[in-house]
Amino acid sequence: MKLLRKPTGTHGLVHDVTPQSAGWSYVGFRLWRLAAGESAEGMLGTDEAIIVMVEGKAAITAAGTDWGVLGERMDVFEKTPPHCLYVPNGSDWKAVAETDCTLALCLAPGKGGHEARRIGPDGITLTQRGEGSNARFINNIAMEGEDVADSLLVTEVFTPAGNWSSYPSHRHDEDRFPEITYLEETYYHRLNPAQGFGVQRVYTEDGTLDETMAVKSHDLVLVPRGHHPCGAPHGYEMYYLNVMAGPLRKWRFVADPDHAWLM
């Protein structure tokens, strides 16, 4: 599996990951970069979706409802809560850009258990996790504490320059609840200033998977299994949008034994 996915361009649909193209079973991810007046649309079929307005504004209709204009922050590094929309499986959707915008479509199997609804900005609060050079700041969009989806777990993370994130190293690649859950995961990365880079490692304890990647703005990293820490160099802060899904909508992980003492 190719873990590092570069955007196909700077405009239009720049990421289109399906379970088939990823070689796994649950997570899909699509990302559009639109100019004002342009649109994106689709039919979900068996997938549910969470539309995340990463930046900019768009008028959205979905599941037979006009949801008006969603979006507020013009730059993701404003760190304000995002405007999002949950759309159940079997629904169509359309977004028409009111401004230049970046729009993510987070996908996973739907079961018809939830109705379409807005998510955020109300109820999403930027929260610190970790301390010192391991501090990062979280916008929980749809984690398991909120019963808003059948399968999807979605969150945003801001990592200050010089800090680490998704660390100490941990994995969620076994279906053995309550100790650990199987969750596939994608990381959509942004750097500030935009010419920066970050580092992400994806590895298993037995060494059968061990890749370290330099990630740049708009890159996508797939995490099929194993540990997956990332770091931001001095001078560049890192953002990522996480999408996770598996057979159970629970986030349970275990640490790398070599680094568990840091927990």
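Begin with the whole chain in view: for 263 residues, a compact globule would have a radius of gyration near 18 Å, and the chain, at 17 Å, agrees with that expectation. The model is a predicted one. Along the principal axes, the C-alpha trace spans about 50 × 40 × 35 Å.

**The chain as a whole**

Colour the chain by secondary structure. The chain holds 1 helix and 25 strands. Next, colour by accessibility: 52% of the 263 residues count as buried. Switching to a surface display shows an exposed area of about 11,000 Å², of which carbon and sulfur atoms supply 49%. A contact map adds a further view: among contacts with a separation of 6 or more, 74% are between residues 24 or more positions apart.

**The largest nonpolar core**

Select Phe29, Ile50, Val52, Cys106, Ile141, Val154 and Leu241. Within the largest nonpolar core, which has 49 residues, these touch the most other members. Now add strand 24, residues 237–245, which gives the most to this core, with 6 residues. Apart from this core lies another, of 21 residues, including Leu34, Ile51, Ala97 and Leu105.

Centre the view on Ile50. Which residues does Ile50 touch, not counting those up to four places away in sequence? They are Cys84, Leu85, Tyr86, Ala104, Leu105, Cys106, Ile119, Ile141, Ala142, Leu152 and Val154.

**The cysteines**

Display the cysteine sulfur atoms. How many disulfides are there? The count comes to 0. Select Cys101 for one case: the closest cysteine sulfur to its own is in Cys84, 13 Å away, which is too far for a bond. Cys101 counts as buried because its relative accessibility is 4%. Move then to Cys230, whose sulfur lies 17 Å from the closest cysteine sulfur, in Cys106, and is therefore too far for a bond. Cys230 has 0% relative accessibility and so also counts as buried.

**An open sheet of four strands**

Return to the cartoon and select strands 15, 23, 20 and 21. They form an open sheet of 4 strands in the order 15-23-20-21, with antiparallel pairing. Its edge strands are strand 15 (164–165) and strand 21 (210–216), each of which pairs on one side only. Strands of a sheet pair through backbone hydrogen bonds.

Focus on strand 20, residues 197–203, which runs antiparallel to strand 21 and is joined to strand 21 by 7 bridges. At this pairing, select Tyr203, which stands opposite Asp210 in strand 21.

Then select Val202, also found in strand 20. Is Val202 buried or exposed? Val202 is buried, because its relative accessible area is 0%. Beyond the neighbours within four places in sequence, the contacts of Val202 are Leu3, Leu209, Asp210, Glu211, Met213, Val221, Leu222, Val223, Arg225, His227 and His228. For a distance label, pick the C-alpha atoms of Val202 and Ser169: these residues are 33 apart along the chain, and the atoms are separated by 9.4 Å.

**A buried asparagine**

End at Asn139, in strand 13, which covers residues 136–142. Asn139 counts as buried because its relative accessibility is 0%. Show everything in contact with Asn139, leaving aside neighbours within four places in sequence: Arg73, Lys79, Thr80, Pro81, Pro82, Ile124, Thr125, Leu126, Thr155, Glu156 and Phe158.

Definitions and conventions: Residues numbered from 1 in each chain as written. Predicted model: local features only at pLDDT ≥ 70, side-chain atom pairs only at ≥ 80, totals over all residues. Heavy atoms only, no water. Core = buried A, V, L, I, M, F, W, Y, C linked by side-chain atoms within 4.5 Å. Buried < 20%, exposed > 50% of the residue type's maximum accessible area, 1.4 Å probe, protein only. Helix = DSSP H or I, 4+ residues; strand = E, 2+ residues; numbered from the N terminus. Contact = heavy atoms within 4.5 Å. Disulfide = S-S within 2.5 Å. Rg over C-alpha atoms; globule rule 2.2 N^0.38 Å. Areas by Shrake-Rupley, 256 points an atom, 1.4 Å probe, with all protein chains shown as cover. Pairing = 2+ DSSP bridges.
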